[in-house]
Amino acid sequence: MRSSNPVFSREGSFTRESGYAGFGTTQAGSPSGGNPYGQSNPYGNNPYDNNPYAQQAPGQQQLTDEQLVEMYRAPSAGPLATGRMTLDDVVARTAMTLLTLVAAGALAWFALPAENYGVAVGAGLVAFVIGMVISFKRSVSPPLILLYAGLEGFALGAVTHVFDTIWEGIAIQAVLGTAAVFAAMLIGYKSGRIRVTPRYTRIGISIAMGFVLLLMVNMVASMFGADMGLRAGPLGIVVGLVGIGLGAFFLSLDFAAVEEAIAQGAPQKEAWRAAFGLTLSLVWIYIEMLRLIAILRGDD
């Protein structure tokens with residue numbers, strides 16, 4: 001599956017068209033196409049005599065046989081040495097992003113009264129705008145991602161505090177539910193039970209677009225006093241379950257994108273983009289989980 005991320009769709013990154021190490025290259029005017037064994041007597045002359053790269057630089061000390069053997073036996077450079085993204089990079093950046101989000105949420109929880117969360121709403125709107133900028137920005141900006149996490153966490157902390165004053169303990173329930181969905185998706189993906197195929201992606205994206213459109217219609221209708229009942233009663237439960245299912249679907253896309261980026265040797269900085277995507281999916285699941293639990297608990 002090809003990704004829309006330009007980093008994941010590079011062409012010719014691993015080809016030998018550049019003639020690396022002498023493969024696939026021919027020398028003009030050479031009857032044997034640059035093959036030293038095509039000469040009449042390859043052993044009569046040193047084929048590297050005319051190679052400027054084989055000549056020793058003036059004043060350079062010649063390597064001994066032991067040094068050459070040591071260089072040959074040395075391990076090849078890994079992703080860390082070459083500046084490529086690894087799974088550890090993604091885990092570390094995701095942890096930093098989530099810790100920023102949680103810290104900002106805790107600040108809002110203890111600093112803002114439950115009945116006055118207008119500042120949190122403003123922070124949420126700013127976080128939405130920053131999230132859109134990050135999504136469409138070609139270059140990765142770690143400070144911008146951490147700023148998004150801080151503002152989003154501040155908004156979520158204030159909203160969660162309001163919910164917890166009405167339904168005591170709902171915050172812990174939503175966190176545990178979100179963690180359970182993440183663990184289930186990770187196990188399903190790593191075990192091969194969940195496979196991200198083009199057909200799977202098309203169906204999921206189509207459902208997500210319809211879901212978002214339905215929520216936008218419901219929001220506009222609520223502005224005019226109409227209630228479509230999407231967040232209450234049996235219909236609200238169905239909508240909540242669909243929302244959580246879509247969040248799980250987004251997680252599977254994130255896992256596939258991370259795996260593909262590592263396989264293609266994406267730059268280490270792209271780990272921040274992966275962390276941002278995972279954070280978005282977890283925030284989506286948490287919000288839907290919070291709403292679903294509130295509906296299920298009702299007036300208790």
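# Helices, salt bridges and spaces

Reader: Why are Asp89 and Arg93 separated by about one helical turn?

Author: Asp89 and Arg93 are separated by about one helical turn in helix H3 because of their spacing along the chain, where helices are DSSP runs (H or I, at least four residues; strands are E, at least two) numbered from the N terminus. This is a predicted model, in which local features need pLDDT of at least 70 and side-chain atom pairs 80 or more, whereas totals for chains, interfaces and linings use all residues. Residues are numbered from 1 along each chain as its sequence is written, and side-chain values use heavy atoms, without hydrogens or water. The spacing of Asp89 and Arg93 in helix H3 is four residues.

Reader: At what distance do the side chains of Asp89 and Arg93 meet, and are these two residues buried or exposed?

Author: Their side chains form a salt bridge at 3.5 Å, N to O, a term for a Lys or Arg side-chain nitrogen within 4 Å of an Asp or Glu carboxyl oxygen. Asp89 has a relative accessible area of 8% and Arg93 has 19%, to be read against cut-offs of under 20% for buried and over 50% for exposed, with partly exposed in between (1.4 Å probe, protein chains only). Asp89 is therefore buried, and Arg93 likewise counts as buried.

Reader: How many salt bridges does a search of the whole structure find?

Author: One of them joins Glu270 and Arg273 at 2.6 Å, N to O, and these two residues are three apart in helix H9, so that about one helical turn separates them. Another joins Arg291 and Glu288 at 3.6 Å, N to O, and this pair also lies in helix H9, three residues apart. Together with the pair Asp89 and Arg93, the search of the whole structure gives a total of three.

Reader: Which residue of the pair Arg291 and Glu288 is partly exposed, and which counts as buried?

Author: The relative accessible area of Arg291 is 34%, while that of Glu288 is 4%. Arg291 is therefore partly exposed, and the residue that counts as buried is Glu288.

Reader: Which residues line the largest cavity?

Author: The whole structure holds one cavity of 30 Å³ or more, a cavity being a set of points on a 1 Å grid where a 1.4 Å probe fits but cannot get out, lined by residues with an atom within 4 Å of a point. The largest cavity has a volume of about 50 Å³, and its lining divides into three nonpolar, two polar and two charged residues (Asp, Glu, Lys and Arg are charged; Ala, Val, Leu, Ile, Met, Phe, Trp, Tyr, Cys and Pro nonpolar; others polar). Arg273, a partner of Glu270 in a salt bridge, belongs to this lining, and both Glu270 and Arg273 are buried. The lining consists of Ile134, Lys137, Ser139, Val140, Ser141, Ile145 and Arg273.

Reader: How far apart in space are Ser139 and Glu270, C-alpha to C-alpha?

Author: Ser139 is placed in the loop between H4 and H5, and at 43% relative accessibility it counts as partly exposed. Although Ser139 and Glu270 lie 131 residues apart in sequence, the separation in space, C-alpha to C-alpha, is 8.9 Å.

Reader: Which helix gives the largest share of the lining of the second largest pocket?

Author: The second largest pocket (an open set of points with protein on both sides within 12 Å along at least five of seven lines) has a volume of about 980 Å³. Of its 32 lining residues, Thr94, Leu98, Thr178, Phe182 and Leu282 are the closest to the centre, and helices H3 (87-111), H5 (142-166), H6 (170-190), H8 (233-263) and H9 (270-297) each give two or more residues. The lining divides into 24 nonpolar, six polar and two charged residues. The largest share, 11 residues, comes from H3.

Reader: How much accessible area does the nonpolar patch on the surface have together?

Author: The patch is formed by Phe128, Val129, Met132, Val133 and Phe136, and among them Val133 lies in helix H4 (residues 118-136) and counts as partly exposed at 42% relative accessibility. Patch residues have over 30% relative accessible area and no salt bridge, with nonpolar side chains joined within 5 Å and like charges within 9 Å, and areas follow the Shrake-Rupley method with a 1.4 Å probe. Together the five named residues have about 530 Å².

Reader: What percentage of the residues in the protein chain is buried?

Author: The protein chain has nine helices and zero strands, and it counts 300 residues. Of these, the buried residues make up 35%.

Terms used:
Points joined across faces, edges and corners; volume = space filled by probe spheres on them.
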